[in-house]
Amino acid sequence: MDGRRSGHDPDAHFLIMADTPITAEPAPSGLSPRKRRQISLAVQYALFVAVLVAVALLADWPKIAENFFNGPVAAGMFPSLFTVALKNTLIFTLAGYLIGFVLGLVLALMRLSSVMPYRVVALVYIEIFRGLPALIIFLLLGFGLPIAFPGFALPGDIYGTVALALGLVAAAYMAESFRAGIQAVPKGQMEAARSLGMKPGRAMLSIILPQAIRIVIPPLTNELILLFKDSSLVFTLGVTAATTELTKFGSDTTIEQANSTPLIVAGATYLLITIPLGIVVRRLEARQGRKR
């Protein structure tokens with residue numbers, strides 16, 4: 001019987017089949033992503049535990065206790081550890097931080113100045129002192145400056161030299177932090193101050209800078225931590241028993257006692273300062289994040 005005469009198109013069936021998308025049968029699924037993640041974590045934990053066990057079994061604990069955690073040797077470091085070494089370290093750090101804060105703020109304002117020579121001088125300074133190792137700055141000030149200027153001495157002797165070296169390095173980093181903070185203050189703040197009749201300089205000092213400093217408190221605190229550790233470079237200038245700092249004090253005591261415990265004690269003293277400061281930085285950053 002003719003399909004056309006009966007009203008049935010014989011090709012329709014094939015056309016319908018051609019238009020129907022062909023889907024493959026779903027392959028039997030393996031492990032779910034969650035299961036694979038659990039297995040991966042279990043393997044990582046197992047490897048971590050295996051490493052700890054291996055270290056515990058291979059280490060010579062009596063020798064470690066004698067050479068790194070010797071109580072009598074550690075006790076012999078007191079009270080000079082705090083009254084001399086830590087005190088000098090804090091003096092070096094705070095003096096250098098003060099110089100870096102003031103100089104960094106001036107450099108930041110120069111970087112934002114409309115006067116091109118100011119911008120160029122600030123940019124050159126920042127690039128040079130951010131690119132040079134702090135050790136080179138210490139050596140140049142400690143040994144190069146007396147050669148270039150015979151008879152010249154910085155106020156405070158070793159304290160002045162270390163404070164200036166730390167301050168010069170810190171200023172380059174603080175300047176960029178201050179610049180970012182100033183630029184983060186809405187421009188409407190300056191416009192509102194100018195509309196009230198304030199001069200640009202007064203508006204910057206009274207309105208913009210206080211807000212900018214609050215914004216950059218976390219990076220400024222980080223810079224304080226870095227300076228506290230960089231103060232250990234004072235050993236390159238030669239120190240006496242009265243001007244020694246933590247690292248030099250720990251190193252000298254280690255050589256004197258033929259024992260590494262003083263280095264552990266000195267390191268722990270650094271952590272007494274840096275860990276609380278680090279916690280403060282994280283909380284300040286979290287608070288600023290919530291305000292945004």
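Which residues in α5 meet which residues in α11? This is a good place to enter the structure, which is a predicted model. On the α5 side you will find Leu-86, Thr-89, Leu-90, Thr-93, Leu-94, Gly-96, Tyr-97 and Phe-101, and they meet Leu-220, Thr-221, Glu-223, Leu-224, Leu-227 and Phe-228 in α11. Sorted by class, this contact of α5 with α11 holds 9 nonpolar, 4 polar and 1 charged residues. Helix α5 spans residues 80-111 and helix α11 spans residues 217-230; their axes lie 9 Å apart, and the packing angle is about 135°. Because of that angle, α5 counts as oblique to α11. The crossing of these two helices is right-handed.

Now step back to the whole chain. The protein chain has 13 helices and 0 strands, so if you follow the sequence from start to end you read α-α-α-α-α-α-α-α-α-α-α-α-α. Of its 292 residues, 33% count as buried. Among contacts with a separation of 6 or more, 78% are between residues 24 or more positions apart.

Let us turn next to α8, which covers residues 158-184. How do α8 and α11 pack, in angle and in distance between their axes? The angle is about 165° and the axes are 10 Å apart. An angle over 145 degrees counts as roughly antiparallel, and that is why α8 is described as roughly antiparallel to α11. Here α8 passes α11 in a right-handed crossing. From α8, the residues Leu-166, Ala-170, Tyr-173, Met-174, Ser-177 and Phe-178 take part, and they meet Pro-219, Leu-220, Glu-223, Leu-227 and Asp-230 in α11. By class, the contact of α8 with α11 divides into 8 nonpolar, 1 polar and 2 charged residues. Leu-220, Glu-223 and Leu-227 of α11 are listed here, and these three also appear in the contact with α5.

The helix α8 has another partner in α6. The axes of α6 and α8 come within 8 Å, and they cross at roughly 120°. That angle makes α6 oblique to α8. In this case α6 passes α8 in a left-handed crossing. Tyr-125, Ile-126, Phe-129 and Arg-130 are the α6 residues involved, and across from them in α8 are Leu-168, Ala-171, Ala-172, Tyr-173, Ala-175 and Glu-176. The contact of α6 with α8 is made up of 8 nonpolar, no polar and 2 charged residues. Look for Tyr-173 of α8 in this list; Tyr-173 is also among the residues that meet α11.

With these helices in view, we can look at the nonpolar interior. The largest nonpolar core has 44 residues, and those with the most contacts inside it are Leu-107, Tyr-125, Ile-137, Phe-138, Val-162 and Phe-178. Two or more residues come from each of α5, α6 (116-131), α7 (134-148), α8, α10 (200-215) and α11. Which element gives the largest share of this core? It is α8, with 13 residues. Phe-178 is worth a closer look: leaving aside residues up to four places away in sequence, Phe-178 touches Phe-101, Gly-104, Leu-105, Ala-108, Ile-213, Val-216 and Leu-220. Apart from the largest core lies another core, of 10 residues, including Met-77, Leu-86, Phe-228 and Phe-249. Leu-86 and Phe-228 also belong to the contact of α5 with α11 where we began.

Finally, visit a few spots in the loops. Most residues other than glycine have a negative phi, and most peptide bonds are trans. In the model, the peptide bond from Phe-78 to Pro-79 is cis, with omega near 0°. Pro-79 sits in the loop between α4 (71-75) and α5. Asp-157 has a positive phi of about 55° although it is not a glycine. You can find Asp-157 in the loop between α7 and α8, where Asp-157 is exposed with a relative accessible area of 60%. Ala-258, likewise not a glycine, has a positive phi of about 55°. Ala-258 lies in the loop between α12 (246-257) and α13 (261-291). Is Ala-258 buried or exposed? Ala-258 is exposed, with a relative accessible area of 66%.

Key
Residues are numbered from 1 along each chain as its sequence is written. This is a predicted model: local features need pLDDT of at least 70, side-chain atom pairs count only at pLDDT 80 or more; totals for chains, interfaces and linings use all residues. Side-chain values use heavy atoms; hydrogens and water are left out. Axes are lines fitted to C-alpha atoms, for helices over the stretch in contact, and angles run from 0 to 180 degrees between N-to-C directions. Helices (H or I, at least four residues) and strands (E, at least two) are DSSP runs, numbered from the N terminus. Angles under 35 degrees count as roughly parallel, over 145 as roughly antiparallel, 65 to 115 as roughly perpendicular and the rest as oblique. A crossing is left-handed if the near helix is turned anticlockwise from the far one by less than a right angle, and right-handed if clockwise. Contact means heavy atoms within 4.5 Å. Ala, Val, Leu, Ile, Met, Phe, Trp, Tyr, Cys and Pro count as nonpolar, Asp, Glu, Lys and Arg as charged, and the others, Gly among them, as polar. A nonpolar core is a set of buried Ala, Val, Leu, Ile, Met, Phe, Trp, Tyr and Cys residues joined through side-chain atoms within 4.5 Å. Buried means under 20% relative accessible area, exposed over 50%, partly exposed in between (1.4 Å probe, protein chains only).
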